[in-house]
Amino acid sequence: VISGSSTAPSLANETAYPNLARMSPSEVHIQDAFAQVVAHYGWQRVVVVHDGTVWGQESAAAVITSFLQLVPNGMVLNAGMTEFSIVAFDARQLNATDVLDEVARVRGHGVFAAFNTRMMRGICMMFDARVRAGEDPWFQSYGDFVWLVSYPSQSLCYNSVRGAPSTDRDN
C-alpha cells in the first residue's frame, strides 16, 4: 500500500505494517513543527482537542509530547478532556458547540485541533457563527489565540449545499 496521507505514528511499525509505504511524514514530525510554532511565539497555555480516531489520538499525543518538551512551563489547559467522539458527532449526540465550549472554558493561547474533516468543518462554521454573533467575548479577539489545525483541507470552507466554496453569505 502506498499512501499519501497515512500519518498515524503507529503505522511506522514496519513489523506490524510491512507493506505500507508513506509519502507523508509521521504525525510525530508534523506535531513537532506545530509545537515549535507555539514555542517560537512563547505561548505557554494551549488547548488540545481531537477526535477519537487512532489518528486523532496519536496526533494529540504527539503534539502534547513535543509541546511539553519545547516549552518548559507549558500547560495543556484541558488535559484529560481533549477527546471528542466522532461516533457521537455522527450520531448527533455531540456537536461543534460542545467542542467550542471546552475551548472557551479554558482559554489557551493556541488551540491544536486534530479532527476528521467533516467534524472540523462543523467546528469552523460554528466558530465563525459565534464570532459574528458576539456570543463569547473571548472569541471576538483573534489576537488572543490561534487555531492550529492538524488536517487542514479545502473542504473546511466548502458549502456542500451550494457545491462551492463557502462565502460570508453561507455562514
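Which residues does M119 touch, not counting residues up to four places away in sequence? In this predicted model, the contacts of M119 beyond that sequence window are D51, F84, S85, I86, F89 and L94. M119 also belongs to the largest nonpolar core, a set of 22 residues. Together with V49, F84, F115 and I123, M119 is among the members that touch the most other members of this core. Several elements contribute to the core: strands β3 and β6 and helices α3 (86–90), α4 (96–106) and α5 (117–133) each supply at least two residues. Apart from this core lies another, made up of 15 residues and including F34, V38, V63 and F67.

The interior was also examined for enclosed space. The count comes to 1 cavity of 30 Å³ or more, and the largest cavity has a volume of about 80 Å³. Its lining consists of 13 residues, and those nearest the centre of the cavity are V38, V46, V63, F67 and F112. Two or more lining residues come from each of α1 (27–40), β3 (45–51), α2 (54–70) and β6 (110–114). By class, the lining comprises 12 nonpolar residues and 1 polar residue, with no charged residues. V38, V63 and F67 thus appear twice in this description, as residues near the centre of the cavity and as members of the core of 15 residues.

Charged side chains were considered next. Side chains of opposite charge can pair when their charged atoms come close. The structure holds 3 salt bridges. In one of these, the side chains of D90 and R118 meet at 2.6 Å, N to O. This pair links distant parts of the chain, with D90 in helix α3 and R118 in helix α5, 28 residues apart. D90 is partly exposed, with a relative accessible area of 42%, and R118 is likewise partly exposed, at 45%.

A salt bridge also joins the side chains of D101 and R130, with an N to O distance of 3.0 Å. Because D101 lies in helix α4 and R130 in helix α5, the pair ties together parts that are 29 residues apart in sequence. D101 counts as partly exposed, at 37% relative accessibility, whereas R130 is buried, with a relative accessible area of 7%. The assignment of R130 follows from the cut-off, because buried means under 20% relative accessible area.

The pair E102 and R105 forms a salt bridge through side chains that meet at 2.8 Å, N to O. Both residues lie in helix α4, where they are 3 residues apart, about one turn of the helix. E102 counts as buried, at 7% relative accessibility, while R105 is exposed, with a relative accessible area of 52%.

Attention then turned to a loop. P72 is located in the loop between α2 and β4 (75–76). P72 has a relative accessible area of 73% and is therefore exposed, since the term applies over 50%. The C-alpha atom of P72 is separated by 8.5 Å from that of Q44, although the two residues are 28 residues apart along the chain.

Key. Residues numbered from 1 in each chain as written. Predicted model: local features only at pLDDT ≥ 70, side-chain atom pairs only at ≥ 80, totals over all residues. Heavy atoms only, no water. 1 Å grid on protein atoms, 1.4 Å probe; cavity = no way out; pocket = protein on both sides within 12 Å on 5 of 7 lines; lining within 4 Å. Points joined across faces, edges and corners; volume = space filled by probe spheres on them. Helix = DSSP H or I, 4+ residues; strand = E, 2+ residues; numbered from the N terminus. Nonpolar A, V, L, I, M, F, W, Y, C, P; charged D, E, K, R; others polar. Core = buried A, V, L, I, M, F, W, Y, C linked by side-chain atoms within 4.5 Å. Buried < 20%, exposed > 50% of the residue type's maximum accessible area, 1.4 Å probe, protein only. Contact = heavy atoms within 4.5 Å. Salt bridge = Lys/Arg side-chain N within 4 Å of Asp/Glu carboxyl O.
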